[in-house]
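Colleague: Could you take me through one part of this model closely, the place around the ligand and the helices beside it? I would love one connected account.

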Amino acid sequence: MSEAAADDREVLASPAGEPAQFPLFSRWLHWVMAGLVVVMLFIGAGMMASLGDYRFLVSVHKPLGMGVLALAVIRLMYRLTHRAPPLPRSMNRTERRAATASECLLYGLMVAQPLVGWAMVSASDTPFELGGVHMPAIVPPDPGLYSALRETHAVFGYALFLLFTMHMLAVLAHALVLRDGLLTRMALWRRPRIRTAAPSRFSHRGKRREGSNAV
Ligand code: HEM
């Protein structure tokens, strides 16, 4: 597809007045959380595979996980109160539904996984301190419940890893094959200027049109 056609498609995807990118706050949160979740999955796998000092890894895993919970709640509230930019027109209805479903699942898991971790620690009846503050138990101590929550935490960990990988592959396909500007919605850099049907102030690159007094 020609560059001009790709540009036109982008313009169609973002009608006048609609922001073509998520707000900067959402974009920062997105990348900080993406990094944190990957680190958490690695630490979790490291603990289970006895790579490194288990006690040390748990002591890092718990506060980071609670950080993910706090950020996920903030992000969810922000997302529910701010409109998302439109999806590229290149995506058909099925793809849009799949994208929305995977987004919902990711949000759900980013909130549920730390909560299950917290509940698991509560059920094990071990004290849980965060920055010197004693955290309350959110479920009663119970060995049976602990083992069920431990199992759930592991399953959610695999689910997060799977969803995360699918999410990355889909974004890569859009960025490298379809080139429809999907990644730009969440990129930290500013969205590049797009060509529109409106007459340009410049007749040629770098040359100002006669009569234009715009800066
Ligand atoms: C996004 C947040 C989190 C992610 C992605 C995550 C991921 C994981 C993973 C993949 C494992 C290994 C599970 C297995 O294979 O059995 C694990 C273990 C563990 N997680 Fe999390 N976790 C998160 C949050 C938390 C939180 C908030 C806590 C507690 C406050 C927590 C406590 C633990 C503990 C204690 C283990 C070790 C379980 C054991 O030794 O049996 N996690 N986590």
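**Helices H2 and H3 and the ligand**

Modeller: Happy to, and please keep in mind that this is a predicted model. Let me begin with a pair of helices: H2 and H3 pack with their axes 9 Å apart, at an angle of about 150°. Angles over 145 degrees count as roughly antiparallel, so H2 and H3 are roughly antiparallel to each other. Their crossing is left-handed. In the contact of H2 with H3, 19 residues are nonpolar, six are polar and two are charged.

Now to the ligand. It is surrounded by 24 residues, and the closest of them are Gly44, Gly65, Gly117, Ala154 and Gly157. Four helices each give two or more residues to this shell: H2 (24-48), H3 (54-81), H4 (93-123) and H5 (143-178). H2 gives the most, with seven residues. By character, the shell around the ligand holds 15 nonpolar residues, seven polar ones and two charged ones.

One residue of H3 deserves a stop of its own: Gly67, which has its place in that helix. Gly67 has 16 C-beta neighbours inside 10 Å, and therefore counts as partly exposed; a residue would need 20 or more to be buried, and 12 or fewer to be exposed. The C-alpha atom of Gly67 is separated by 9.2 Å from that of Met33, although the two residues are 34 residues apart along the chain.

Notes. Residues are numbered from 1 along each chain as its sequence is written. This is a predicted model: local features need pLDDT of at least 70, side-chain atom pairs count only at pLDDT 80 or more; totals for chains, interfaces and linings use all residues. A residue is near a molecule or strand if its C-beta atom, placed from the backbone, lies within 6 Å of it. Ala, Val, Leu, Ile, Met, Phe, Trp, Tyr, Cys and Pro count as nonpolar, Asp, Glu, Lys and Arg as charged, and the others, Gly among them, as polar. Axes are lines fitted to C-alpha atoms, for helices over the stretch in contact, and angles run from 0 to 180 degrees between N-to-C directions. Angles under 35 degrees count as roughly parallel, over 145 as roughly antiparallel, 65 to 115 as roughly perpendicular and the rest as oblique. A crossing is left-handed if the near helix is turned anticlockwise from the far one by less than a right angle, and right-handed if clockwise.
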